[in-house]
Amino acid sequence: MYEPVLLKNVEVTNGHLLSSYEAGGGYQALRKVLSEYTPDEVVELVKQSNLRGRGGAGFPTGMKWSFVPKGGDKPKYLCCNADEGEPGTFKDRIIMERDPHQLIEALAVSGYAIGAETAYVYIRGEYVAAIRRLEQAIAEAHERGYLGKGILGSDFNFTVHIHCGAGAYICGEETAMLESLEGKRAQPRLKPPFPAVAGLYASPTVINNVETLACVPHIVTRGAAWFRGIGPDKSPGPKLYCVSGQVKKPGLYELPMGIPLKELVEEHAGGPLPGRKIKAVIPGGVSAPVIPEHGLEVGMDFDSLSAAGSMLGSAGVIVVDDSTCMVKVATRIIEFFHHESCGKCTPCREGLNWAVKVLRRIEAGEGAPGDLEQLDMLCKGIFGNTFCALGDGAAMGLRAALKHFREEFVAHIEEGRCPFH
Amino acid sequence: MSMREKIEQAAAAYPDQRSAIMPALVIAQKEHGHLPGPVLEEVADILGVERIWVYELATFYTLFHTEPVGTFHLQLCDNVSCMLCGSENLLKHLETVLGIKKGDTTADRLFTLSTVECLGACEMAPVMQVGDDYHGNLDVSRLDALLDSLRAAAGRVTGVEHAAQPLPGE
């Protein structure tokens, strides 16, 4: 039986308070790195652990940190991506609401490693409860000397600020987030330069997701080998899975990376609703291509899902059953991306607008012959031709729906109605 | 604390005043309910930044309202997870009982009805945010109870039974 690490405080009454966090061994990792490790040794430890970013891209965290130049005149910044806008994802909210000190300790340890004295946590503005909890926790941590000047008697100074988003999915893209932090409209930047070299205020900047950071103190206290021992070698560690949709027990599950999707959905999350059958599962938020029922044996890790033509993304697992029209699901997904397109580049802005119109008419029973070929053409025009991954995510999601459920699209056009209505 | 003091305090977290525009708009919206032109200009003046910088943020980010909204802003999620759990029926119900379409505000200015993208609370889908609070696992009866409690909170109970009750002294 797997014992939760990231969520161990989440069900504890008053687990959000500093006293509870300390009682469970909290801030021991910070104590340990400040007294026993050089910053470079912390970076090396994280490299050894093979921790990969939990925000969606799966980039090796230790390697990302090592790109930050040594020395230099400019301050270094740590930014925490807590914008969590990928539909189907709610893991970072639960960490921040129920165990905010886990994130604060993680920020301090990571800030020490990269040589940053300031961190900004970019939280989506809707997460009012999480923002309040994190504010309280930051104040508590300052009072007890876990943040501020000369932390725990060392010469390490570190401050955490919260920056509230205001409703823009694109802020989850790291360079768009930096633009937003600088007080601009959130539109992605051209890379290079990469943020590690010139990020926030043109200073060296590391951007990590909440769950990624939350792994770091556990790697410090339990060791890199412990972390690598959980799940597959190439993408190891504990993993938070957000299960939602048409399933008996939706919720947040912490399990090893790499567990079969089928086991997650059918055993842990209780399987389909009474009298229904699972038709498909979106494994990593709506950017992740849908997997039809026969593909559910796939392991929930970066490499296995990629090999299966999908992606782990944010591990927002959305279960769709046989009562649901896939054209409707695909339409809703593309409407979302169209709404959230920042408008900077043409393929995404115009292509998604066009795709939404075609999808809506197909779903309404007014599709025409040639519509599916037009959607194929639009996906081709968007994928790989946009500034950031928003357009790619939309195109990948639509392509997968067209590939695996083409007969449903065809039936809409031929019958002139939605067969599910 | 005055709005100016709150904004100046928030701005201290950044090396550049422009970064403080978003937090300043959050503060200003809390103060004024929405963000009309004169408020945006006041924010620009307090921070000493270009007015266009403030306008462009107020119109880019969906949580900023340049037009007034009702006392209670009902923000129903209709993204995939909530849609799969019945948000469409909830929207129809809200439109019927409030007598407005999504995007509109009731004549008494009590409720504005919007649909929003994923609120990040899919474990309790379907979800609606009202003000600062999330309300999850909604169905029609829970929704009705929620509307009643909001009306009561506003001190304007409009149910037929209440209206029929004699006033004290009658």
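The exercises below concern a predicted model with chains A and B.

Local features need pLDDT of at least 70 and side-chain atom pairs count only at pLDDT 80 or more, while totals for chains, interfaces and linings use all residues. Residues are numbered from 1 along each chain as its sequence is written, and chains are lettered from A in the order in which they are written.

**Exercise 1. Describe the secondary structure and overall dimensions of chain B.**

Step 1. Chain B has eight helices and four strands; these are DSSP runs, numbered from the N terminus, with at least four residues for a helix (H or I) and at least two for a strand (E).
Step 2. Read from the N terminus, the order is α-α-α-α-β-α-α-β-β-β-α-α.
Step 3. Along the principal axes, the C-alpha atoms of chain B fill a box of roughly 55 × 50 × 25 Å.
Step 4. Of the 170 residues in chain B, 36% are buried (20 or more other C-beta atoms within 10 Å of the residue's own, with C-beta atoms placed from the backbone).

**Exercise 2. Work out the strand order of the sheet in chain B and place helix H6 against it.**

Step 1. The sheet of chain B is open and mixed, with the order S2-S1-S3-S4; strands pair if DSSP finds at least two bridges between them.
Step 2. At the edges are S2 (111-116) and S4 (133-135) of chain B, each paired on one side only.
Step 3. From one strand to the next, the twist averages 25 degrees.
Step 4. Strands S1 (residues 72-77) and S3 (residues 128-130) of chain B run antiparallel and are joined by three bridges; B:Gln75 has B:Gln129 as its bridge partner in S3(B).
Step 5. Helix H6 (residues 87-98) of chain B lies across S1 and S2 of chain B, at about 155 degrees to S1(B). Angles run from 0 to 180 degrees between N-to-C directions, with axes fitted to C-alpha atoms, for helices over the stretch in contact.

**Exercise 3. Characterise the side of chain A that touches chain B.**

Step 1. Chain A gives 40 residues to the contact and chain B gives 33 residues; contact requires C-beta atoms, placed from the backbone, within 7 Å.
Step 2. Elements giving two or more residues on the side of chain A include strand S3 (159-164), strand S9 (316-321) and helix H13 (326-340) of chain A.
Step 3. H13(A) supplies the largest share, six residues.
Step 4. By class, this side of chain A has 19 nonpolar, 13 polar and eight charged residues. Nonpolar covers Ala, Val, Leu, Ile, Met, Phe, Trp, Tyr, Cys and Pro, charged covers Asp, Glu, Lys and Arg, and the others, Gly among them, are polar.

Key. Contact = placed C-beta atoms within 7 Å. Buried ≥ 20, exposed ≤ 12 C-beta atoms within 10 Å, placed from the backbone.
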